[in-house]
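Student: Can we go through an interface together? Put the structure up first.

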Amino acid sequence: MSLLERTHDGETKDPPSSSSYEFTHAAAKSAVAQICETVGYNHFKDPPLESLTGFAIQYILQLGKLAASFANLNGRSQCNVFDIVLALEDLSGNDNNAEGRGCSALRSVKLREIIDFVKVSDDGEEESLFLQTLPRFPVSDKGKKMMMMTVPSFVEVGESPPGKHIPLWLPAFPDPHTYKETPMWIERGLDPRGDKIEQARQRRKAERALLSLQRKLVCRISSGDGDRVWGDMDVGTVKEVIREAESEVPEDEKRDGVSVVEAFAPALEAARDVVFSEDDAEWKQKKKKKKKKKKKKPVALSKLRTEKKFLGEPLDLTLQMKGEDRSMSLREEDRDDKRRRAEFILRQCMENPVDLNQL
Amino acid sequence: MNHGQQSGEAKHEDDAVLTEFLGSLMDYTPTIPDDLVEHYLAKSGFQCPDVRLIRLVAVATQKFVADVASDALQHCKARPAPVVKDKKQQKDKRLILTMEDLSKALREVSASSGGFDPHLSIYGVNVKHPEYFADSP
């Protein structure tokens, strides 16, 4: 068996255009040149060097192929030292085993020659290392675009394949959720109470924000206009109230409990104003109702109201009353009531004496 | 029995020598780098994680190349030196690897074959420089 026969096996060589061929061929050429230098050559012509490099590459390829086939013959996929020895014997073309000595590793002439060769070169310290450092090749192009295309292997993903018959270098299996329905995960435990508390807290936050916005708007109105509008009076009092409240109440509580009252105060006052302008007596009566709980007055007061419209002063007084401190307002309201009652009685008397006179 | 025992002992010796040799391989770094050899072996289907086997292949290849080169060198030295014009000039010092020497070395019949088959060349490679080209380059 000769090298020549093997090269005509019909194997396809590397096309010169492929990048790996160029790089490896150049590296092999420099290695062969170094070996020739140790033998004794100083200069080389390119054609013989190229052909010698080709021979060396073919030698390695043939060795590998033969060793692999010997391993496969014995039912193994990974090669042995004995496979290599057999391949060497095969390649050398010596008919050592023709005498039938039996195959043993060291009976191989080739191997002995190699051992001698190593000893000679080791002893002679003619060891010439490859002068250039080769990078680890082939360099994978996965980093750029192919990363998205290629499926990572089991080793890369870090999973162990299901079943010992599957090697690690094969692409990993797809995740089970891609091909079958898997149950949804409940990542956090149910906490209804906590959720409710959280909800309430968020609502309070929103309310606070809304109220503060209202307050700001109202403040702007009051500071902006100089006219004495109904709203102004109330706001002034409300402001004072708020200030009082704020001064009284400590900082911490201000936000939560009292703030609602404060914040709603302008709205409440505004509502009260509207009511007052129309049914001031009724409102007072209602307030009185809450305090004294008397029901007899509504009829009389309604009458009073209609009549009151003609009276300028008492109406003004009531308006002025609004402008004052709310803390005093209750007493003053009582006074107003008394005054009204007195006026009513006077009127009645004025009418009555007429009647009486008539009588 | 004796033969069997002897063969058994020989086997043990062989194994010991082999393991020793493989151990010595790690000390000696072949000229051909391991990566290159591994690349070509992988191409041909040789699969082995052991570095020593790769080094064995590298050493074998190195020996092969060294043998061929030394044969060619002998041919180069054996060639008669060119005419020396200057007397002080010594014999041919420029050892250049040429195609002729290489083809002779590759076709050489080694002495070990014992003339068994004169036409069987040791390397089995017929390398010859083409005398003329049929097509223009």
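What follows is a short chat about the contact between the two chains.

Tutor: One caveat before we start: this is a predicted model.

Student: Noted. How many residues does each chain bring to the contact?

Tutor: Chain A brings 67 residues. Chain B brings 59 residues.

Student: And what area is buried between chain A and chain B?

Tutor: About 5,700 Å². Carbon and sulfur atoms give 74% of that.

Student: Which three residues supply more than any other three of the area chain A buries?

Tutor: Ile35(A), Tyr41(A) and Ile60(A). Together they supply 12% of what chain A buries against chain B.

Student: Switching to polar stuff. How many salt bridges between chain A and chain B?

Tutor: The count is 0. Polar contacts do turn up: 8 residue pairs across the interface, with both residues at pLDDT 80 or more.

Student: Which element gives the largest share of chain A's side?

Tutor: α3(A), with 16 residues. Other elements of chain A that each supply at least two residues include α2 (19–39), α4 (81–92) and α5 (109–123).

Student: What's the split by class on that side?

Tutor: On the side of chain A that touches chain B, 41 residues are nonpolar, 16 polar and 10 charged.

Student: Now strands. In which sense do β1(A) and β1 of chain B pair, parallel or antiparallel?

Tutor: Parallel, over 2 bridges. The chain B strand covers residues 96–97.

Student: Which residue does His43(A) stand opposite?

Tutor: Ile96(B), in β1(B).

Notes
Residues numbered from 1 in each chain as written. Chains lettered and ligands numbered in written order. Predicted model: local features only at pLDDT ≥ 70, side-chain atom pairs only at ≥ 80, totals over all residues. Heavy atoms only, no water. Contact = heavy atoms within 4.5 Å. Buried area = accessible area lost by both parts, 1.4 Å probe. Salt bridge = Lys/Arg side-chain N within 4 Å of Asp/Glu carboxyl O. Polar contact = N/O pair within 3.5 Å; in protein donor to acceptor, adjacent residues only side chain to side chain. Helix = DSSP H or I, 4+ residues; strand = E, 2+ residues; numbered from the N terminus. Nonpolar A, V, L, I, M, F, W, Y, C, P; charged D, E, K, R; others polar. Pairing = 2+ DSSP bridges.
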